[in-house]
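This report concerns buried charges, salt bridges and a pocket. The structure is shown first, and the discussion follows.

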Amino acid sequence: MTPKETTSKPTAGIVDSQSVKGDAVVGAASRGFDGGKLVNGRKRHLVVDCLGLVLAVLVTPASVTDRNAACGMLPALREYFRRLRLIWADGAYTGDVLTEAAHRLGLRLDIVRRSDDSRGFTVLPRRWVVERTFAWLMRSRRLARDYERRSDTSEAFVLWSMTMVMSRRLARHATRRQQQRRNLAPAA
């Protein structure tokens, strides 16, 4: 294994979920009610790296709890990203089942909690990264609401939206480099 291969895989991730309303075409079998957010639809569960790039996505009915979805995501995530050691999460991911599953997979689950005396919005360590990713994804109008009949199609649209975000960054970076080359070129 070359040095580049050992550093290209993430060692830490951040997990969170987002509830979105489901359109009329979303069937009753793949739709649920999230009592915490008062949303009837689906829930998108994301695991991102420290830069906010999507590592894994799972779309479930909104009634599925975060910890149950994470128990389903972690084994596949761990298999693909073998260097992954640490997962940051919010208080919804507490529980013996998830802690035991993470321990069996060799992952450390670090719960980042809000302090009891804080009111309103507060920036929490590492959790803001996944929230920023959700904001990037919500720029795609197609993701503002879940319009898909199948949940795997909904997952594909999340990945497609993230691909668009990444390709725009690469294009912007390439344009800057071309401008720098032109500025450094000697005048003829």
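Arg42 has a relative accessible area of 0% in this predicted model, and Arg42 therefore counts as buried, the limit being under 20%. Its salt-bridge partner is Asp146, with 3.2 Å between N and O. Asp146 is also classed as buried, because its relative accessibility is 2%. Arg42 belongs to strand 3 (residues 39–48), whereas Asp146 sits in the loop between helix 4 and helix 5 (151–184), so this pair ties together parts that are 104 residues apart in sequence.

**Salt bridges**

Side chains of opposite charge can pair when their charged atoms come close. In the whole structure, seven salt bridges are found. Three of these pairs, including the one just described, are set out below with the separation of their closest N and O atoms.

| Pair | N to O distance |
|---|---|
| Arg42 and Asp146 | 3.2 Å |
| Lys43 and Asp66 | 3.3 Å |
| Lys43 and Asp34 | 4.0 Å |

Lys43 appears in the table with Asp66 and again with Asp34. Asp34, Lys43 and Asp66 are thus joined in a network of salt bridges. Both Asp66 and Lys43 are buried, and Asp34 is buried as well.

How many residues apart are Asp66 and Lys43, whose salt bridge has its closest N and O atoms 3.3 Å apart? They are 23 residues apart, and the pair links distant parts of the chain, with Asp66 in helix 2 (residues 66–80) and Lys43 in strand 3.

**The second largest pocket**

The network residues also take part in a pocket lining. The second largest pocket holds about 150 Å³ of space. It is lined by 13 residues, of which Ser17, Asp34, Lys37, Lys43 and Asp66 are the closest to its centre. Sorted by class, the lining has eight charged residues, four polar and one nonpolar. Strand 1 provides four residues, the largest share of this lining. Helix 4 (127–137), like strand 1, supplies at least two.

**A buried glycine in strand 1**

Gly13 is part of strand 1, which spans residues 12–21. With a relative accessibility of 0%, Gly13 counts as buried. Beyond its neighbours within four places in sequence, Gly13 is in contact with Val48, Leu84, Leu86, Ile87 and Trp88. Between Gly13 and Tyr80, which are 67 residues apart in sequence, the C-alpha to C-alpha distance is 13 Å.

Definitions and conventions
Residues are numbered from 1 along each chain as its sequence is written. This is a predicted model: local features need pLDDT of at least 70, side-chain atom pairs count only at pLDDT 80 or more; totals for chains, interfaces and linings use all residues. Side-chain values use heavy atoms; hydrogens and water are left out. Buried means under 20% relative accessible area, exposed over 50%, partly exposed in between (1.4 Å probe, protein chains only). Contact means heavy atoms within 4.5 Å. On a 1 Å grid over the protein atoms alone, a cavity is a set of points where a 1.4 Å probe fits but cannot get out, and a pocket is an open set with protein on both sides within 12 Å along at least five of seven lines; lining residues have an atom within 4 Å of a point. Grid points are joined across faces, edges and corners, and a volume is the space filled by probe spheres set on the points. Ala, Val, Leu, Ile, Met, Phe, Trp, Tyr, Cys and Pro count as nonpolar, Asp, Glu, Lys and Arg as charged, and the others, Gly among them, as polar. A salt bridge is a side-chain nitrogen of Lys or Arg within 4 Å of a carboxyl oxygen of Asp or Glu.
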